[in-house]
Amino acid sequence: MRSRPTARSLFWVVVALLVASVPAVGGPGAPRAGGTLTVGSLVDVESLDAHHHGTAHTHMMVSQIYEQLLDLDPQGRYIGVLAESWNISNDGVTYTFRLRKNVKFHDGTPFTAEAVKVNLERVVDPATKARYAGRLGAMQSVQVVDDHTVAIRLRRKDILFLEALRSPAYIVSPAALRRHGKDYGTHPAGTGPFKIQSYAPDDRLVLVRNEDYWGGRPPLDRVVFRPVPEQATRLVELESGGVDVITDVPHKDAKTLEARRIQVLVTGGFQADYYVFNLKRPPLDDVRVRKAINHAIDRDTLTRVVYRGYAIKSITGYPPNGWAINTAVKGYDFDPERAAQLLQEAGWKPGAESIREKGGTRLRLHMPTPSHQVLLAQLIQGQLRRVGIETRLDMTEAATYWDAVRTGKFDLGYWVRFVGHAEPSAYFNYFDSKEHWFTMQQPHPEIEALLNEGVATIDPAARKRIYDQVQRRIADEALVIWITHPKFLFALRPHVKGVVTPPSLRLWLHKAWVER
Amino acid sequence: MIEHAQGRGARPAARSPWAVIWRRVRQHRLGPGSLAVVSLVVMCAALAPYLVGSDPLRQRPDMLLEPPSRDAPLGTDELGRDVLSRVVYGARYSVAIGLVSVALGVGVGAAAGTVGGYFGGRADMVLTWTVDVLMAFPGVLLAILIVSVVGSGLANVMMAVGLFSVPVFARIARSSAIQLRAQEFVEAARALGAGHLRVLWHHVLRNSLAPIVVYSTLRVATAILVGASLSFLGLGVAPPTPEWGTMISTGREYFREAPHVVIFPGLAIFLTVLSVNFLGDILRDALDPRLRE
Amino acid sequence: MLRYVIRRIAVLALTLVGVLAVVFLSLHLAPGDPISLLVPTEAAGGLTPREFVERLRAQYGLDRPLPVQFVKFLGRVARLDLGRSMRTNRPVAHELRARYPATIELAVAAMAVAVGLAFPVGMLSALRPYSLLDSTAMSVAVAGVSLPSFWTGFLLMLIFAFHLGWLPPSGRGGPAWTLDGLRTLVMPAIALGAGGAGILARLVRSSLLEVLGLDYVRTARAKGVPERRVVMRHALRNALVPVVTVLGLQFGYLLSGAVVVETVFAWPGIGRYMVGAIARRDVFVVQSSVLAIAVTFAVVNLAVDLLYAALDPRIRYD
């Protein structure tokens, strides 16, 4: 059903050196048609206007209704969805897509090259206020070649262009756009396996089977998404049968759920949890202090206590199972003695209450912490305390916290990066001072130059060398405290079958069914 | 209340208010118990380091979420910290939130209300409008907004909960002041040449003291609960501070595997608020002449 | 009477301008940039350049001076245009309409729980003052006031949904008049109403006690009017006066207390929506939700004051 990529993009097969196991639940027994699947989600869908949302959870929900030209399969390869195949010109700036035929939107109108043009132009039109539009910045023009061929020209080479097409560029019915204008979001019409039946904000999103789905009639009659923000409530809902699937399973509960015959799907590891240093603030401008802090952190304990083993220890900031990992970089082991020694060398001597001091100043660091990462922050606080570093945890609501880290009101700032695949630039582009979420505070021209080179280079081997250097530089200068690559967990009641969860945090339900 | 005010103004009390209150506390079925709980909480707050040996912040990654045992009588939490020690130290923060925020509410509210009610005119109009605006935010809404602006943390929570109490006390003080302004003894004092400040202090404010005292006590209970609600919404006192609401808030994820992590701080809040409420009731009965036998 | 109502509405309008100013200023003084919160931090698709973010900011008019933004907002409210949510791009009026019934339903149900518990308990206590029954009842009432509502909520959920499986744990099954709706309403209404029940029960008791001590009640008793009739016909009506005033205030507390309970029970109401919107600094949404709650609160209080007059013949509004 999903087709093979063309020669030019075969490089992406390298990308596929990623995931060992595909988390899919099936087991014996043929799919059984009928029934409703209810999913308890952390948050509500932000908007049903495909071009108007931002979070991974919303993607998970709206991608039942809408599709893009291409997507990532569970192995992390690009596969055609509404595009059957594509071709990248030799100069790397023209992308030609051959589109799937006989695809209809939910409103009955046919899917054509014109629809692709209308949609891509709508995404970058400032009036749409699409939040992802910045990512299609390289796009210059969209040209309809024939009914089922579309050619896109870029201003410059951009290795991330396919990714941008995957992420913000859902294709919606141009007829519905014309009819409903600004309020299109309340009358969604896509090409996906499910179409909308009703939506009550914060309550439930009810989808029904798209009988004419080009990929085959989905077995489920109905899919319901219910936002259940409170973690404890979401678990009770799952265990009491109120919902069949939940997202965002707390790592600590996975084992308990499995003991109760609940299926836990472990995906990803294609994200990163870490702390950035404010490189502008002393004493963090001293590489010895940064190295000492890196040595003071016991990542094994963090992985065990906070993530309960559902995370991979991070050495270079890039997932060790991705193709661009630099295995020569060894990172910083847990070595409190070395940490103490480094601090001593940097002039920080033990003072009152065994907190280190230098010239009468206590070694005290400010750590703003979002409320959902309090456990991690407290453990780190305890570990740093043992080498004589005092930290002030400032638990703040998310808005304040993001702002503090973005504008440099911190010493150690927790940061999370959800990527969902192995593209290395996505793990490091926060070092780019042009980025809105540039967190390092002190631009690092060499790394920035490497990153720019990385997205303009097509040859995978050359790219690997570039990102090897990026990882090496960050480690040598101890610019970041890499912590872990956490995994994302879904939980399903025993009767739910055929759900596929690619690492990109989607939920493929078009082959799912429920056994009764 | 008016009769009471006149009564005090007219003659020295036959029995000191303290004696009345003390008798009431002893007579009430739950009075001694409530007093004992409140005393215990205040003692914990004052003497925490002498009562429990273990450090409430000390993490033991080898002892996570242990049930109560001889080592840790109330068990350990998600970071292996001693729950008993945290509950005992936690008294400090709840007591602080309760007392400081109400003191702030009474201070600002009573002063503004008394002045507005006593002088009337434009000052009173501005006051009434401000109070109306603040009162138009029902319940904890205002506190939530304030914390969003100033950020979370102990001092800010106290301020937010305090501001949340200001309009209530302003109203009480204002209506007392208006009633008293017209009273003969106030007019007499003015006629005898007493300055406004003196009249305000000696007559008006002191006479509206009874309802304010009673209401403050009850408000301490509310303040502790509002503080806990803010913590629940992630807007309260930051961990690792062992504030009870924060303990429940961060511990609620472990409710099913280790209920003691939330049950004990929950009980601490419940018993404290309950006792303060009982004492408030007793105080009201003692100071409110309409209910005197 | 009509003049009184008109005056109240005028005062209300003035108050609401103040409310809007407070909300507006709070959100703009609060740290946290609404536009930053809109642009994805998920790194999947490459950079989000600074210029792009600034363009978005200008599009939402958030680069204008504060007074200009505020006046524009007031102008829109006056035309009954609440704007669009930055997050969802849907009209805020639309968003509120979807959630308002749920919040009102919860507050009314909680009020019903509170009143339904408070009156019998308060009356029993007042009829046997200082008895064991009285102090037990009042202790339970105080206990109700002293419980944090999220605590009660989780407890109820664990018992009735998780262990006994009698009720669905969370969500809203439908409007209250459907069985599914009713089943999901029970626990949140109790969790929210317990506190109000405690306060009201104590008030019913004290106010009934006071009235029962008055001359006309004694006279009625002396005349041999049956006790039942004395209490129901003579005393209760007068005792209701202070209780009704507090009912209005209580309704406000229920509206705002719903914030916490709605979160615990995944109840799709305005409180939860508003707290989320504050967290996301979705300015128009917060302003409009606060406005909706404040107006409801004010209307209820006005209704209470009118009811007050109907109950107590001594009070006349002119």
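A polar contact, as I shall use the term, is a pair of N or O atoms within 3.5 Å; within protein, one atom must be able to donate a hydrogen and the other to accept it. Between chain C and chain B of this predicted model, the count is four residue pairs in polar contact, with both residues at pLDDT 80 or more. That interface is my main subject this morning, and I shall close with some salt bridges elsewhere.

Let me begin with chain C itself. Its secondary structure consists of twelve helices and zero strands. The C-alpha atoms of chain C fill a box of roughly 85 × 55 × 35 Å along the principal axes. Of the 318 residues in chain C, 58% are buried. If we take contacts in this chain between residues at least 6 apart in sequence, 72% of them join residues at least 24 apart. The area that chain C exposes is about 13,200 Å², with 69% supplied by carbon and sulfur atoms.

I turn now to the interface. The size of an interface is often given as the accessible area lost when the parts come together. Here chain C and chain B bury about 3,700 Å² between them, and carbon and sulfur atoms account for 77% of that area. On the side of chain C, the residues that lose the most area to chain B are S146(C), F150(C) and W151(C), together 16% of what that side buries. In terms of contacts, 45 residues of chain C meet 39 residues of chain B.

How many salt bridges does the rule find across this interface? It finds one. The partners are D281(B) and R202(C), whose side chains meet at 2.4 Å, N to O. Several helices of chain C give two or more residues to the side that touches chain B, including α1 (2-29), α6 (132-146), α7 (149-163) and α8 (179-212). Helix α1(C) gives the most, with nine residues. By class, this side of chain C has 32 nonpolar, ten polar and three charged residues.

S146(C) merits a closer look. This serine is placed in helix α6 of chain C. Is S146(C) buried or exposed? Its relative accessibility is 0%, so S146(C) counts as buried. Its side chain reaches the backbone oxygen of V142(C) at 2.7 Å. Setting aside neighbours within four places in sequence, S146(C) is in contact with L225(B), F270(B), V273(B), L274(B) and N277(B).

Finally, the salt bridges in the wider model. Over all chains the count comes to 46. One of them joins E46(A) to R131(A), with the closest N and O atoms 3.0 Å apart. E46(A) lies in the loop between β1 (36-41) and α2 (56-62) of chain A, and R131(A) in the loop between α3 (113-124) and β6 (139-146), so this pair ties together parts that are 85 residues apart in sequence. E46(A) counts as buried at 5% relative accessibility, and R131(A) is buried at 2%.

A second pair in chain A is R77(A) with D73(A), at 3.1 Å between the closest N and O atoms. Here R77(A) is partly exposed, with a relative accessible area of 31%, whereas D73(A) is buried at 7%.

A third pair, K464(A) and D468(A), also forms a salt bridge at 3.1 Å. Both residues lie in helix α15 (residues 460-476) of chain A, four residues apart, about one turn of the helix. K464(A) is partly exposed, at 24% relative accessibility. In addition, salt bridges with shared partners join D202(A), R90(C), E95(C), R99(C) and R272(C) into one network.

Conventions
Residues are numbered from 1 along each chain as its sequence is written. Chains are lettered from A and ligands numbered from 1 in the order in which they are written. This is a predicted model: local features need pLDDT of at least 70, side-chain atom pairs count only at pLDDT 80 or more; totals for chains, interfaces and linings use all residues. Side-chain values use heavy atoms; hydrogens and water are left out. Contact means heavy atoms within 4.5 Å. Buried area is the accessible area (1.4 Å probe) that two parts lose on being put together, summed over both. A salt bridge is a side-chain nitrogen of Lys or Arg within 4 Å of a carboxyl oxygen of Asp or Glu. Ala, Val, Leu, Ile, Met, Phe, Trp, Tyr, Cys and Pro count as nonpolar, Asp, Glu, Lys and Arg as charged, and the others, Gly among them, as polar. Buried means under 20% relative accessible area, exposed over 50%, partly exposed in between (1.4 Å probe, protein chains only). Accessible areas come from the Shrake-Rupley method with a 1.4 Å probe; for residues, only the protein chains shown count as cover.
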